[in-house]
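Here is a short briefing for a reader meeting this structure for the first time. Keep the sequence and the 3D view at hand.

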Amino acid sequence: MTENSEAQVRHVYDQWHETIVGRDLDGLMALYAENAVLETPLILVTLPNQTEGILRGRSEIRPFFEAGLRKLGNELNRWHRSGLFFSNGRQLTWEYPRATPQGDQVDLVEVMDLADGLIAHHRVYWGWVGFRTLVAALGKSAS
């Protein structure tokens with residue numbers, strides 16, 4: 001995998017957040033490579049016919065974000081982040097922390113492998129508040 005420029009990394013970091021908060025599906029999908037992979041347990045909540053939390057290619061990823069942007073309500077409506085991110089030119093990582101100035105939010109860590117300025121592989125790691133939200137959405141007990 002080749003290294004991406006600082007401008008390409010910054011573009012993905014800024015635009016991913018802007019498009020998800022703005023519910024801009026086309027803008028969001030433009031950030032993903034055609035053969036991108038997305039891994040998140042939210043897939044199992046958003047697309048009930050899925051048996052694993054992995055989607056391959058834009059054709060599978062788009063319906064996930066389309067359903068998520070349409071369905072997800074209050075439990076995922078805060079998107080506070082510190083403005084800090086880490087990148088080595090090939091991988092981009094940042095956090096949506098639990099504690100925010102407005103109170104707790106779903107806590108996530110976004111990890112993206114980048115290729116040619118696009119997201120090639122995106123993994124979402126959930127903290128304890130996020131885990132409880134996922135379990136509740138699946139209708140199960142977190143205990």
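The points below cover the sheet, the helices packed on it, and two loop residues.

This is a predicted model. Its six-stranded sheet is open, with mixed pairing. Helices H1 and H4 both pack on that sheet.

**The sheet**

- The strand order is S2-S1-S8-S7-S4-S3.
- Strands S2 (54–56) and S3 (86–87) lie at the edges, and each pairs on one side only.
- Strand S1, residues 32–39, runs antiparallel to S2, and three bridges join the two.
- Leu38 stands opposite Leu55 in S2.

**Around strand S4**

- S3 and S4 are antiparallel and share two bridges.
- Ser87 has Leu92 of S4 as its bridge partner.
- Three residues separate S3 from S4 in a hairpin.
- Gly89, in that turn, has a positive phi of about 95 degrees.
- S4 also pairs with S7, again in the antiparallel sense, over six bridges.
- Tyr96 has Leu108 of S7 as its bridge partner.
- In a regular strand, side chains alternate between the two faces of the sheet.
- The covered face of S4 holds Leu92, Trp94 and Tyr96. Its uncovered face holds Gln91, Thr93 and Glu95.

**The helices on the sheet**

- Helix H1 (residues 6–21) touches S1, S3, strand S4 (91–96), strand S7 (108–115) and strand S8 (118–126).
- The direction of H1 makes about 35 degrees with that of S4.
- H1 has 16 residues, so at 1.5 Å a residue it should span 22 Å. Its end C-alpha atoms are 23 Å apart, which agrees.
- The buried residues of H1 include Val9, Val12, Tyr13 and Trp16. His17, Thr19 and Ile20 are buried as well.
- Helix H4 (residues 58–71) touches S1 and S2. The direction of H4 makes about 60 degrees with that of S1.

**Two loop residues with positive phi**

- Most residues other than glycine have a negative phi.
- Arg23 is not a glycine, yet its phi is positive, at about 55 degrees.
- Arg23 comes just after H1, in the loop between H1 and helix H2 (25–29).
- Arg23 counts as partly exposed because its relative accessibility is 46%.
- Asp116 also has a positive phi, near 55 degrees, and is not a glycine.
- Asp116 sits in the loop between S7 and S8.
- Asp116 counts as exposed because its relative accessibility is 62%, and the cut-off for exposed is over 50%.

How values were computed. Residues are numbered from 1 along each chain as its sequence is written. This is a predicted model: local features need pLDDT of at least 70, side-chain atom pairs count only at pLDDT 80 or more; totals for chains, interfaces and linings use all residues. Side-chain values use heavy atoms; hydrogens and water are left out. Two strands pair if DSSP finds at least two bridges between them. Helices (H or I, at least four residues) and strands (E, at least two) are DSSP runs, numbered from the N terminus. Contact means heavy atoms within 4.5 Å. Axes are lines fitted to C-alpha atoms, for helices over the stretch in contact, and angles run from 0 to 180 degrees between N-to-C directions. The expected span of a helix is 1.5 Å times one less than its number of residues. Buried means under 20% relative accessible area, exposed over 50%, partly exposed in between (1.4 Å probe, protein chains only).
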